[in-house]
Amino acid sequence: MLLTVALEFISSAYESIALNLAPSIVLVLALVFGQEKLRFRTIDGQAKVWGLALSAAGALVIVLWKGPTLFKLSSSTTRLLQRTRTDGVIGGVLLIVGILAASFWYITVGHVVRIYPAELSLTAIMNLFGTIQIGIITAVVIPNSSWKLKWDGGLTLITLSIGGIGVTGLSYYVMAWSIKKKGPVFTTAFSPLLVVFSFLLQTFVLHSSVHLGSIIGAVFVVAGMYILLWAKSREKNIEVTVETGIHSPLI
């Protein structure tokens, strides 16, 4: 809710930058709460740090540096990408609080799935209480006139369907399952891909121009993600090898 409301005050570009800080915040929180181990003197520990840094740098390149235009496309929908918002202070506060809340959610789910390993039921319970909370806040804050749904060529219905079924329903379940299997840091390592997918949608759906900075940034994001995933995989293999050696019979 906070991240959605923040778009009323700041542009999506700034929110894209801030969202890529989530993996670093989750890594720090995971270290504090003992869900992640960082052996900085080992190759695995250094790969984690450099992978996160490279992904964050790639996301920043996509948003902050356009570079020369490679493919120029013209469409009236590109005007939607040029909208700017005022009152950045309120938007910034909402954005920071939203990212911190999301980061703590990853850590909390990491603890909960160990005790309650039913990701589907857990997702349903979270969505139920979230719906009640949002319903109460909306009824108090939002005027009645804003409750009326407008057709707008079906865009409103498509947005609600994607947000309700894809984001709130399916993605929360998949993230809870991923946190249970691989941990919160592994799950948030895919966050920089949001910027890449946004770039692809803006290019092929909204017909935005393609710039060199977007291509370079996407390469950095993917490279950083693969470095982090390689480090997590190598660390897991080492842990399995050590456990096998400990429990193996002497004879």
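This passage walks through the fold of a predicted model, from the overall layout to a few helices and residues.

Starting with the big picture, the protein chain holds 10 helices and 2 strands. Read from the N terminus, the order of elements is α-α-α-α-β-α-α-α-α-α-β-α. Of the 251 residues in the chain, 31% are buried. Contacts with a separation of 6 or more come to a good extent from distant parts of the sequence: 84% of them join residues 24 or more positions apart. Several such pairs turn up below.

At the N-terminal end, helix 1 covers residues 2-6 and includes valine 5. Leucine 3 sits in helix 1 as well. Neither residue is buried: valine 5 counts as partly exposed because its relative accessibility is 36%, and leucine 3, with a relative accessible area of 24%, is partly exposed too. Both have partners from far along the chain. The C-alpha atom of valine 5 is 7.6 Å from that of leucine 94, a residue 89 positions away in sequence. For leucine 3, the C-alpha separation from isoleucine 96 is 8.8 Å, across 93 residues of chain. Once residues up to four places away are set aside, leucine 3 touches Glu15, Leu19, Leu95, Gly98 and Ile99.

Helix 3, residues 22-32, contributes a set of buried positions, namely Ala22, Pro23, Val26, Leu27, Leu29 and Ala30. An α-helix has 3.6 residues a turn, so residues three or four places apart point the same way. That spacing is a handy thing to keep in mind when looking at Pro23, Val26, Leu27 and Ala30, which are among the buried residues of helix 3. After helix 3 comes glycine 34, with a positive phi near 75 degrees.

Some of those helix 3 residues reappear in the surroundings of valine 185. This valine belongs to helix 8, residues 184-188, and is buried, since its relative accessible area is 2%. Beyond its neighbours within four places in sequence, valine 185 makes contact with Val26, Leu27, Ala30, Glu36 and Leu228. Valine 185 also lies 6.5 Å from proline 23, C-alpha to C-alpha, although 162 residues separate the two in sequence.

Just before helix 8 in the sequence, glycine 183 follows helix 7 and has a positive phi, near 100 degrees. Helix 7 itself is not straight: a bend of about 35 degrees falls at serine 171. Its buried residues are Met175, Ala176, Ser178 and Ile179.

Helix 7 (residues 155-182) also packs against helix 6 (residues 119-141), with the two axes coming within 9 Å and crossing at roughly 130 degrees. The pair is therefore oblique, and helix 6 passes helix 7 in a right-handed crossing. On the helix 6 side, the residues involved are Glu119, Leu120, Thr123 and Asn127, and on the helix 7 side they are Thr168, Gly169, Tyr172, Tyr173, Ala176, Trp177 and Lys180. The make-up of this contact is mixed, at 5 nonpolar, 4 polar and 2 charged residues. Ala176 takes part in the contact and is also one of the buried residues of helix 7.

Tyrosine 172 gives a closer view of the same crossing. Located in helix 7, tyrosine 172 counts as partly exposed because its relative accessibility is 32%. Leaving out residues up to four places away in sequence, tyrosine 172 touches Trp105, Thr123, Asn127 and Val167. Thr123 and Asn127 are among the helix 6 residues that meet helix 7. The C-alpha atoms of tyrosine 172 and leucine 122 are 9.5 Å apart, with the two positions 50 residues apart along the chain.

Technical notes:
Residues numbered from 1 in each chain as written. Predicted model: local features only at pLDDT ≥ 70, side-chain atom pairs only at ≥ 80, totals over all residues. Heavy atoms only, no water. Axes fitted to C-alpha atoms, helices over the stretch in contact; angles between N-to-C directions. Helix = DSSP H or I, 4+ residues; strand = E, 2+ residues; numbered from the N terminus. Parallel < 35°, antiparallel > 145°, perpendicular 65-115°, else oblique. Left-handed = near helix turned anticlockwise from the far one by under 90°. Contact = heavy atoms within 4.5 Å. Nonpolar A, V, L, I, M, F, W, Y, C, P; charged D, E, K, R; others polar. Bend = angle between axes of the 7 residues up to and from the residue. Buried < 20%, exposed > 50% of the residue type's maximum accessible area, 1.4 Å probe, protein only.
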